[in-house]
Amino acid sequence: MPIHFNTCLLIDDNYIDNFVTRRILESANFADNIIVLQSAHDAIDALRDGSIKPNVIFLDIRMPMMSGFEFLQEYEALELDNKERVKIFMLSSSLDPTDMNNSKSNKYVAQFVHKPLTHQALEELCT
């Protein structure tokens with residue numbers, strides 16, 4: 001895998017999905033640091049206070065309290081130095097065409113990826 005990141009943030013409320021995605025990312029040596037948060041609110045707080053400075057984010061769409069799209073609205077309002085350079089991948093099991101279209105039309109989202117993340121899908125993201 002030619003692309004390697006310093007810090008990857010995985011935001012998903014599902015423990016099993018996080019376990020699988022983290023294993024795929026680790027086995028591919030995708031990033032030096034993989035941080036998993038089960039709450040989009042916690043992720044926004046960590047980004048706002050600078051405790052997490054990711055190069056790439058995998059973001060679930062359907063989460064309680066704050067959805068992936070609500071996260072993106074909050075992300076837009078953050079004042080971060082490298083916000084435009086952070087790659088955000090929407091990682092979701094949603095088959096709703098509206099979710100896919102909303103993902104593709106968001107300027108921060110690099111790509112929509114179907115769960116579960118696979119080595120093949122990860123390879124395609126990095127080429």
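Which residues make a nonpolar surface patch of about 420 Å²? In this predicted model, the patch is made by Tyr15, Ile16, Phe19 and Val20. Take Ile16 as the way in. Ile16 sits in helix α1. Its relative accessibility is 55%, so Ile16 counts as exposed, the cut-off being over 50%.

Stay with helix α1 for a charged pair. Glu26 forms a salt bridge with Arg22. The closest N and O atoms of Glu26 and Arg22 are 2.9 Å apart. Why do Glu26 and Arg22 lie about one helical turn apart? Because the two residues are four positions apart in helix α1. Neither end of this pair is buried. Glu26 is partly exposed, with a relative accessible area of 39%. Arg22 is also partly exposed, at 30%.

Side chains of opposite charge can pair when their charged atoms come close. How many salt bridges does the model hold? The count comes to nine. The Glu26 and Arg22 bridge stays within one helix, α1. Two further bridges reach across the sequence.

Start with the bridge between helices. Arg48 forms a salt bridge with Glu74, with the closest N and O atoms 3.8 Å apart. That distance falls within the 4 Å cut-off, so the pair counts. Arg48 belongs to helix α2, residues 40-49. Glu74 belongs to helix α3, residues 68-77. The bridge therefore ties together parts that are 26 residues apart in sequence. Are its two ends buried or partly exposed? Arg48 is partly exposed, with a relative accessible area of 48%. Glu74 is partly exposed too, at 34% relative accessibility.

Now turn to the bridge between loops. Lys115 forms a salt bridge with Asp12. Here the closest N and O atoms are 2.6 Å apart. Lys115 lies in the loop between β5 (109-114) and α5 (119-125). Asp12 lies in the loop between β1 (5-11) and α1 (15-27). The pair links distant parts of the chain, 103 residues apart. Are Lys115 and Asp12 buried or exposed? Both are buried. By contrast, Arg48 and Glu74 are partly exposed.

Lys115 and Asp12 also belong to a wider group. Asp12, Asp17, Asp60 and Lys115 are linked in a network of salt bridges.

Lys115 has a second feature, this time in the backbone. The peptide bond from Lys115 to Pro116 is cis. Its omega is near -5°. Pro116 is placed in the loop between β5 and α5. Lys115 lies in that loop as well.

Two other loops carry backbone features of their own. Which angle stands out at Asn29? Asn29 has a positive phi of about 50°, although Asn29 is not a glycine. Asn29 lies in the loop between α1 and β2 (31-37). Asn29 has a relative accessible area of 52% and is therefore exposed, as the cut-off is over 50%.

Met65 repeats the theme. Met65 has a positive phi of about 75° and is not a glycine. Where does Met65 lie? Met65 is in the loop between β3 (56-59) and α3. Met65 counts as exposed, at 74% relative accessibility.

Return to helix α1 to close the tour. Helix α1 holds Ile16 of the nonpolar patch. Helix α1 also holds the bridge between Glu26 and Arg22. The loop between β1 and α1 holds Asp12, the partner of Lys115. The loop between α1 and β2 holds Asn29, with its positive phi.

Notes: Residues numbered from 1 in each chain as written. Predicted model: local features only at pLDDT ≥ 70, side-chain atom pairs only at ≥ 80, totals over all residues. Heavy atoms only, no water. Salt bridge = Lys/Arg side-chain N within 4 Å of Asp/Glu carboxyl O. Buried < 20%, exposed > 50% of the residue type's maximum accessible area, 1.4 Å probe, protein only. Patch = residues over 30% accessible without salt bridge, like charges linked within 9 Å, V, L, I, M, F, W, Y side chains within 5 Å. Areas by Shrake-Rupley, 256 points an atom, 1.4 Å probe, with all protein chains shown as cover.
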